[in-house]
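Colleague: I'd like a close look at one part here: the charged side chains and the partners they pair with. Please add enough of the surroundings for me to place them.

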Amino acid sequence: MFKKLVDRAVKRLSLSREDIDANDEKQSREERGRLAVADVQDRQKAILFGTIQSVTYYPENIRPLIDATLFDGTGTIVLRWPGRSDIPGMHAGVHLEVEGTIGVSNGVKVMTNPLYRLIAEDNVE
């Protein structure tokens, strides 16, 4: 019993910060019963869960558009809202559940105009 605990602790300590974050995201996604980004295909409807890694706001005078990158522990997908210049509460680090149809553009998974739900930290685990 003690050996198993020590082995698990050593394994956890030897993981990189990225591995730990990926494991945490994967566990949160699985607890919510959502699909993995790595498993979704082009033109598939899906509900995904993860953390926003980055948000890009494009200048309104050029083209109102918001791109956000969602990470779920298995991969990333770009969430795109054309015609929007702001989404209150949307920033890096926020947990999000999105629903929509997957597209693939130049090998990058994209979900355009997804329905989204900002998830409070208390409801993540």
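Modeller: Let's start with the whole protein: of its 125 residues, 34% are buried, where buried means under 20% relative accessible area, exposed means over 50% and partly exposed is in between (1.4 Å probe, protein chains only). Bear in mind that this is a predicted model, with pLDDT of at least 70 needed for local features and 80 or more for side-chain atom pairs, while totals for chains, interfaces and linings use all residues. Residues are numbered from 1 along each chain as its sequence is written, and side-chain values use heavy atoms, with hydrogens and water left out.

The secondary structure comes to two helices and six strands, in the order α-α-β-β-β-β-β-β along the sequence. These are DSSP runs numbered from the N terminus: H or I over at least four residues for a helix, E over at least two for a strand.

Now the charges. Side chains of opposite charge can pair when their charged atoms come close. Here a salt bridge is a side-chain nitrogen of Lys or Arg within 4 Å of a carboxyl oxygen of Asp or Glu, and the whole structure has four of them. Take R34 and E97, whose side chains meet at 2.9 Å, N to O. That pair spans 63 residues, from R34 in the loop between helix 2 (17-32) and strand 1 to E97 in strand 4. R34 is partly exposed at 25% relative accessible area, whereas E97 is buried at 4%.

E97 also has a salt bridge with R117, again with 2.9 Å between the closest N and O atoms. This one links strand 4, where E97 sits, to R117 in strand 6, 20 residues apart. R117 is partly exposed, with 33% relative accessibility. Through shared partners, R34, E97, E99 and R117 end up in one salt-bridge network.

D67 and R80 make another salt bridge, with their closest N and O atoms 2.7 Å apart. D67 is in strand 2 and R80 in strand 3, so parts that are 13 residues apart in sequence get tied together. D67 counts as buried at 10% relative accessibility, and R80 as partly exposed at 27%.

D72 is worth a look too, in the loop between strand 2 and strand 3. It is buried, at 0% relative accessibility. Its side chain makes a polar contact with the side chain of T74 at 2.7 Å and reaches the backbone nitrogen of G75 at 3.1 Å. A polar contact is a pair of N or O atoms within 3.5 Å; within protein, one must be able to donate a hydrogen and the other to accept it, and residues adjacent in sequence count only if both atoms are side-chain atoms. Beyond four places in sequence, D72 is in contact (heavy atoms within 4.5 Å) with E25, K26, R29, L35, A36, V37, F49 and G50.

As for the nonpolar surroundings, the largest nonpolar core has 18 residues, and L48, I52, L70, I77 and L79 touch the most other members. Strand 1 (45-57), strand 2 (65-71), strand 3 (76-82) and strand 4 (95-105) each give this core at least two residues. A nonpolar core is a set of buried Ala, Val, Leu, Ile, Met, Phe, Trp, Tyr and Cys residues joined through side-chain atoms within 4.5 Å.
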